[in-house]
Amino acid sequence: QVQLVESGGGLVQPGGSLRLSCAASGSIFSIGTMAWYRQAPGKQREWVATITSGGVPNYADSVKGRFTISRDHARNTVSLQINSLKPEDTAVYYCNAYVQALGSMTFRGSWGQGTQVTVSS
């Protein structure tokens, strides 16, 4: 069983910054690609950023230049530094990871429970 737990959300003024973190725990053998998604009220969940096991990042056009994804293999964590926040960044942010559990031959996708980010003055 693998668990992903996000933290770091909150209320921030436009132009502010936040750092989201996600920690994976459980019976983990290996973690592949990790990613962040977000879901705004009344909208579908959308992809925000991905980082491969080799550390190569990729971003949605809407966040390029403002968001930075990083990971720590030793701690099984992925982080999202969010700068120059806009009201349209308001959403629940979810962590996603492809994890190979101990004793398994395959990677399976797992989701965290989400952390709320609200951008408002």
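The bridge partner of W36 in strand 9 is C95, and in strand 5 the bridge partner of W36 is A49, where strands (E, at least two residues) are DSSP runs numbered from the N terminus. The model is a predicted one, in which local features need pLDDT of at least 70 and side-chain atom pairs count only at pLDDT 80 or more, while totals for chains, interfaces and linings use all residues. Residues are numbered from 1 along each chain as its sequence is written, and side-chain values use heavy atoms, with hydrogens and water left out.

Strand 4 (residues 28-39) pairs with strand 9 (residues 91-101) in the antiparallel sense over nine bridges, two strands being taken as paired if DSSP finds at least two bridges between them. Strand 4 also runs antiparallel to strand 5 (residues 46-51), to which five bridges join it. Strands 4 and 5 form a hairpin with six residues between them, and in the turn G42 has a positive phi of about 75°.

The largest pocket (an open set of points on a 1 Å grid over the protein atoms alone, where a 1.4 Å probe fits, with protein on both sides within 12 Å along at least five of seven lines) holds about 180 Å³ of space, the volume being that filled by probe spheres set on the points, which are joined across faces, edges and corners. Its lining, defined by an atom within 4 Å of a point, consists of Q1, V2, V99, A101, S104, R108, G109 and S110. Strand 9 and strand 10 (107-111) each supply at least two lining residues, and strand 10 gives the most, with three.

Definitions and conventions:
Helices (H or I, at least four residues) and strands (E, at least two) are DSSP runs, numbered from the N terminus.
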